[in-house]
Amino acid sequence: MRVLAAVLACAGLPAHAEKADSEQALTFDAGRMVLDGKRKIRTLSGGVEITRGTLVLKAAQIELKETAQGQFATATSADGQLATFRQKREGLDEIVEGQARRIEYDTVTETVRFIDQAQVRVLRGGVPADQVTGQTIVYNHARDVFEVQGGGGAASTGGSGGRVKGVVTPRKSTGVAAEPVSAETPR
């Protein structure tokens, strides 16, 4: 069963990943790298960390594919651990972070897919605010949409019994439309 989670829709304004991130070089730190030049694939292993601006992706192994349009990363976890993702949202004091057994990141479509034991949180001002769990979570930066799928119902795979679960923290209402906070705007 598919459920569209409007976890961030309550913000009242579109907010995307930091625009500057797409202009940054992708850097990595790993214990080992194997480069397949013909297929344009780098396989990184041994406690891998990839960064691109405010984006940080960590996993036991990450496969980086290069295409003419951009890059595609597939992060897989080790036994007993989860791969993690973290990125600041454009114009807001918010960070999206998540974890799963597998994370796929597509720079072309600005989409992150969390697969198996997926959990995504939004931190506001460094404090956990909204959270959702499910079998698969797809976060589309460009459209600012979260889609959460509950899965086949096996409680042992994701701990949620095939259901989508979440917490949405109320936002403080000022009676006017929310605007991004800048250094000149008093809180």
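In which strand is R52 found? In this predicted model, R52 belongs to strand β4, which covers residues 41–52. As for its surroundings, R52 counts as buried because its relative accessible area is 12%, under the 20% cut-off. The side chain of R52 isn't without a polar partner, though: a polar contact of 3.5 Å ties it to the side chain of Q71.

Next comes strand β11, which spans residues 127–140. Eleven of its 14 residues are buried, so β11 is largely enclosed by the rest of the structure. Which strands does β11 pair with? One of them is β10, made up of residues 111–124. These two strands run antiparallel and are joined by twelve bridges. Within that pairing, T111 has N140 of β11 as its bridge partner. The two strands make a hairpin with two residues between them, and G125, which sits in the turn, shows a positive phi of about 60°.

Strand β12 (residues 145–149) also pairs with β11, again in the antiparallel sense, and here five bridges do the joining. Looking along this pairing, V138 is found opposite E147 of β12. β11 and β12 form a hairpin too, with four residues between the strands. In that hairpin D144 is the residue to look at, since its phi is positive, near 55°. Then there is β13, a strand of residues 165–167, which runs antiparallel to β11 and is joined to it by three bridges. Q131 has its bridge partner in β13, namely V167.

On to the charged side chains. Side chains of opposite charge can pair when their charged atoms come close. How many salt bridges does a search of the whole structure find? The count comes to 13. Among them is the one between E97 and R121, with an N to O distance of 3.0 Å. This pair links distant parts of the chain, as E97 lies in strand β8 (residues 94–100) and R121 in strand β10, 24 residues apart. Are E97 and R121 buried or exposed? Both are buried. Elsewhere, salt bridges with shared partners bring R89, E94, R124, D130 and D144 together in one network. D144 therefore turns up twice in this account, in the network and, with its positive phi, in the β11 and β12 hairpin.Two further salt bridges involve residues with more open surroundings, going by their accessible areas. R39 and D36 form one of these, the closest N and O atoms being 3.4 Å apart. R39 is exposed, with a relative accessible area of 57%, while D36 is partly exposed at 26%. The other joins the side chains of E63 and K65, at 3.9 Å from N to O. Both ends of this pair are partly exposed: E63 has a relative accessible area of 24%, and K65 has 35%.

The surface also carries a nonpolar patch, formed by F28, M33 and L35. Together these residues have about 280 Å² of accessible area. One of them, L35, is found in strand β3, which runs over residues 32–36.

Methods
Residues numbered from 1 in each chain as written. Predicted model: local features only at pLDDT ≥ 70, side-chain atom pairs only at ≥ 80, totals over all residues. Heavy atoms only, no water. Buried < 20%, exposed > 50% of the residue type's maximum accessible area, 1.4 Å probe, protein only. Polar contact = N/O pair within 3.5 Å; in protein donor to acceptor, adjacent residues only side chain to side chain. Pairing = 2+ DSSP bridges. Patch = residues over 30% accessible without salt bridge, like charges linked within 9 Å, V, L, I, M, F, W, Y side chains within 5 Å. Areas by Shrake-Rupley, 256 points an atom, 1.4 Å probe, with all protein chains shown as cover. Salt bridge = Lys/Arg side-chain N within 4 Å of Asp/Glu carboxyl O.
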